Amino acid sequence: MTLAVNLVSAYTRVGMKQVVSFTLVLLVFLAACSPAALPPTPTAGPPTSVQTDETAVTLPVLDADEIALGETVYAANCASCHGVNLEGEVDWKIQNKDKSFRNPPHDETGHTWHHPDDQLIEAIQLGGARFEGLNIGGTSDMPAFGKILTDAEITAVISYIKNRWPDDISAIQWQMSVQSEQ
Ligand code: HEC
């Protein structure tokens with residue numbers, strides 16, 4: 001996943017700004033993980049065991065130009081389903097009668113931040129096709145953007161979404177992304 005690696009190194013380049021106590025972050029993470037019916041992912045989910053000592057998570061600073069590009073990409077390609085304000089569809093955790101998944105939010109009320117960067121990139125590149133051949137109990141009408149958007153536009157739209165998350169949520173997602181790259 002070259003794009004994922006680029007994303008991580010771009011983040012590492014921009015340096016340190018905020019340090020969030022990982023202990024606090026862990027508590028928030030455990031509280032936020034509910035067993036509600038969610039579109040599963042073909043690859044590993046959030047880590048089941050994490051360090052509980054005073055490990056600090058350094059949040060990368062997102063690039064302002066990327067966020068601006070991501071906003072344009074989002075408005076043109078994603079807002080119609082995921083909501084102009086990232087709010088998703090009402091009752092998004094309930095599947096439609098035809099078993100298709102509803103459009104989930106991308107803000108902190110959604111499930112997007114439960115995935116490391118490489119899984120988010122895959123979801124955007126492949127859309128619902130990433131579930132083909134997998135028995136996941138439903139279908140996804142999410143289009144594949146791999147041939148519609150450039151790698152830079154995909155990175156940018158992820159940055160735009162990340163910029164809307166509170167720090168504690170961002171820290172959890174960042175930690176997962178770093179671990180997923182190792
Ligand atoms: C036609 C409606 C539609 C459009 C347009 C759409 N999506 Fe989706 N998206 C969905 C649905 C439905 C799901 C839930 C099922 C799934 O994960 O594929 C989803 C899931 C996702 C997920 C995975 C979330 C998770 O927690 O697993 C990401 C990331 C995502 N979309 C990003 C985007 C981005 C970025 C765009 C614009 C470039 C976009 N989507 C455009 C319908 C859409």
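## A tour of the predicted chain and its ligand

Of the 182 residues in the protein chain, 32% count as buried, and since the model is a predicted one, everything selected below should be read as a computed feature. With the whole chain displayed as a cartoon, seven helices and two strands can be picked out, and from the N terminus onward these elements follow the order α-β-α-β-α-α-α-α-α. Among the contacts in the chain with a separation of 6 or more, 73% are between residues 24 or more positions apart.

**The pair α3 and α6**

Select residues 64–77, which form helix α3, together with residues 151–162, which form helix α6; the two helices pack at an angle of about 95°, and their axes are 7 Å apart. That angle makes α3 roughly perpendicular to α6. To show the contact itself, display E66, I67, L69, G70, E71, V73 and Y74 on α3, and E153, T155, A156, V157, S159 and Y160 on α6. Coloured by class, the contact of α3 with α6 consists of seven nonpolar, three polar and three charged residues.

**The ligand and its shell**

Next, centre the view on the ligand, which is surrounded by 22 residues, the closest being C78, C81, H111, S140 and M142. Helix α4, at 79–82, and helix α5 each contribute at least two residues to this shell. By class, the shell around the ligand comprises twelve nonpolar residues, nine polar ones and one that is charged.

**I121 in α5**

Stay with helix α5, residues 117–126, and select I121, which is located there. I121 counts as buried because 20 other C-beta atoms lie within 10 Å, and a residue needs 20 or more to be classed in this way. Adding F145 to the selection gives a pair 24 residues apart along the chain, with 9.8 Å between the C-alpha atoms of I121 and F145.

**Two positive phi values between α4 and α5**

Move to the loop between α4 and α5 and select L86, whose phi is near 65°, a positive value in a residue other than glycine. With 21 other C-beta atoms within 10 Å, L86 is buried. Then select D91, placed in the loop between α4 and α5; D91 is likewise a residue other than glycine with a positive phi, here near 55°. D91 is exposed, however, with 9 other C-beta atoms within 10 Å.

**P143 and the loop after α5**

The next selection is P143, which is found in the loop between α5 and α6. P143 has 15 C-beta neighbours inside 10 Å and therefore counts as partly exposed. Select G127 as well: P143 and G127 are 16 residues apart along the chain, yet their C-alpha atoms are separated by 4.8 Å.

**Helix α7**

End the tour at residues 167–181, the 15 residues of helix α7; at 1.5 Å a residue this helix should span 21 Å, and the distance between its end C-alpha atoms, 21 Å, agrees with that expectation. Within α7, the buried residues to highlight are I169, S170, A171, I172, Q173, W174, Q175, M176 and S177. When judging which side chains share a direction, it helps to recall that an α-helix has 3.6 residues a turn, so residues three or four places apart point the same way.

Methods. Residues numbered from 1 in each chain as written. Predicted model: local features only at pLDDT ≥ 70, side-chain atom pairs only at ≥ 80, totals over all residues. Axes fitted to C-alpha atoms, helices over the stretch in contact; angles between N-to-C directions. Helix = DSSP H or I, 4+ residues; strand = E, 2+ residues; numbered from the N terminus. Parallel < 35°, antiparallel > 145°, perpendicular 65-115°, else oblique. Contact = placed C-beta atoms within 7 Å. Nonpolar A, V, L, I, M, F, W, Y, C, P; charged D, E, K, R; others polar. Buried ≥ 20, exposed ≤ 12 C-beta atoms within 10 Å, placed from the backbone. Near = placed C-beta within 6 Å. Expected span 1.5 Å × (residues − 1).
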